[in-house]
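Notebook open, two chains to go through today. I'll jot down what I look up as I go.

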Amino acid sequence: MLPRRYFETKDHLGADMTAPVIETERMILRKPMATDEPVFAKFLMSDRAQFVGGPATRGRAWRAFAHLVGQWEMRGYGVLTMLERGTRAVIGSCGYFHPAELTEPEISWSIWDIDFEGRGLATEAALACRSHAYAKLGWRTVTSNIDVDNARSIALAERLGCHIEKTYVEQTPEGTFDVHLFRHPGPERTA
Amino acid sequence: MSEMVLETERLIMRRPAPRDFAQFEPFLMSERSRGVGGPRTKAQAWRVMCAELGHWTMLGFGMWAVTRKSDDTALGLVGPWTPADWPETEIGWMIWNAKDEGTGIAAEAARAAIDHAWRVLAWDTIVSYVSFDNPRSAALARKLGAVLDPDAPQPHPETPCHVFRHPRPEVGS
């Protein structure tokens, strides 16, 4: 029961307007914009991006961001940029990541700006995105694929009530990763 | 909005759409794409398609899907490609199927794209990056009037390519 825009979209402009704005206590989440890209690139070009294919070159970072933007059109859903309420500072991304090699979409999260780490913002965003997936997108299940060495993200998944469904080797254009596939509690258990 | 569509004698050039991936993906995964960084895996091809769409959303312009007036099926991509690491503004081209080669559609589309880049995007310069092992593409660049610029900065210095520079039209022409 996933919305599938891929191959079905007649009007690319329609897809863009489907992007939601999700508000949480401390953040506003909206579709990534070109002006967010430098913050993303600084993250992806750093060692902090080691679990998501970094550090990347400047060119690969730009293409990775453009790919996140373009996924919205291909799928009708995608990741959102997390903005701090008030300042509108770019924090990171959270949302629905679904490249070709994943058989189902995942909820992903990344804190791009290190100054926003350790405040529970990724947890807050992931909870909001999961609720939105169940309540507004009609999804019945959600996953997150996390590198086995990414202790911070694994701890976050556990706080979200996820359990490890399997551990496998993920082949992506960004590299080969040993990952846990976390399954989130379903809509009936998070209502 | 009108800037999203160009019309030439035989062609409509429009913003790419997800449905074009049905034609683009097999090209990206085939030997034919060797001159533009291929062949790619399925996962890489997906990212390339998404990035082409994202380029349009981020910048308001990008490579056009080239179609014949009689048929909306995309035959290739031609037009601006300006990722953050590119030293200069590029007009690129790829024709996806061998059956459409030699028909002059790439040149027809590239001329329209170059004209658009000068007049509407108001670019200061236009280059085309062509792989050393892509003689067809180099021939097209020359046909368009572009000349090799051996002193131009390279997009990937570790793997150099031909940099063709397109002549700026005379003022008033």
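I started with the hairpin in chain B: E1(B) and E2(B) form it with three residues between them. Strand E1 covers residues 6–7 and strand E2 residues 11–14, and the two pair in the antiparallel sense over two bridges. I take strands (E, at least two residues) and helices (H or I, at least four) as DSSP runs numbered from the N terminus, and two strands as paired if DSSP finds at least two bridges between them. In this hairpin Leu6(B) stands opposite Met13(B) of E2(B).

Housekeeping before I forget: this is a predicted model, where local features need pLDDT of at least 70, side-chain atom pairs count only at pLDDT 80 or more, and totals for chains, interfaces and linings use all residues. Residues are numbered from 1 along each chain as its sequence is written, and chains are lettered from A and ligands numbered from 1 in the order in which they are written.

**More strands in chain B**

I followed E2(B) onward and found that E2(B) also pairs with strand E3 (residues 64–68) of chain B, antiparallel, over four bridges. There Arg14(B) stands opposite Ala65(B) of E3(B).

Next I looked up E8(B). Strand E6 (residues 127–130) of chain B runs antiparallel to strand E8 (residues 162–165), and four bridges join them. Strand E7 (residues 147–148) of chain B pairs with E8(B) too, in the antiparallel sense, over two bridges. Which residue of E8(B) is the bridge partner of Val127(B)? I get Arg165(B). Arg165(B) is also the bridge partner of Val147(B).

**Helix H2 of chain B**

H2(B) takes in residues 42–59, 18 residues in all, and reaches 26 Å from its first C-alpha to its last, close to the 26 Å expected at 1.5 Å a residue. The expected span is 1.5 Å times one less than the number of residues. Buried or exposed? H2(B) is mostly covered, with 15 of its 18 residues buried. My cut-offs: buried means 20 or more other C-beta atoms within 10 Å of the residue's own, exposed means 12 or fewer, and partly exposed is in between, with C-beta atoms placed from the backbone. After H2(B) comes Gly60(B), which has a positive phi, near 85°.

**Chain B overall**

I count four helices and eight strands in chain B, in the order β-β-α-α-β-β-β-α-β-α-β-β along the sequence. Its radius of gyration is 15 Å, which agrees with the value near 16 Å for a compact globule of 173 residues. That radius is taken over C-alpha atoms, and the globule rule is 2.2 Å times the number of residues to the power 0.38. The C-alpha trace spans about 40 × 40 × 35 Å along its principal axes. Buried residues make up 42% of chain B.

**Chain A overall**

Chain A comes to six helices and eight strands. Its radius of gyration is 16 Å, close to the 16 Å that the globule rule gives for 191 residues, so chain A is as compact as a globular protein of that length. The C-alpha trace spans about 35 × 35 × 35 Å along the principal axes, and buried residues make up 42% of the chain.

I checked confidence as well: pLDDT, the predictor's confidence in each residue from 0 to 100, has a mean of 91 in chain A, and 91% of the residues reach 70 or more. Residues 1–16 of chain A stay under 50, though the model has 35 contacts beyond four places in sequence for them. Where pLDDT is low, the predicted coordinates should not be read in detail.

**Two spots in chain A**

Val39(A) lies in helix H2 (residues 37–44) of chain A and is partly exposed, with 18 other C-beta atoms within 10 Å. Leaving aside neighbours within four places in sequence, Val39(A) is in contact (C-beta atoms, placed from the backbone, within 7 Å) with Val90(A), Trp112(A) and Asp113(A).

Helix H4 (residues 121–135) of chain A has 15 residues and reaches 21 Å, close to the 21 Å expected. Its buried residues include Leu121(A), Cys129(A), Arg130(A) and Tyr134(A).

**Where the chains touch**

Last lookup: 24 residues of chain A are in contact with 25 residues of chain B. On the chain A side, H3(A) gives the most, with eleven residues.
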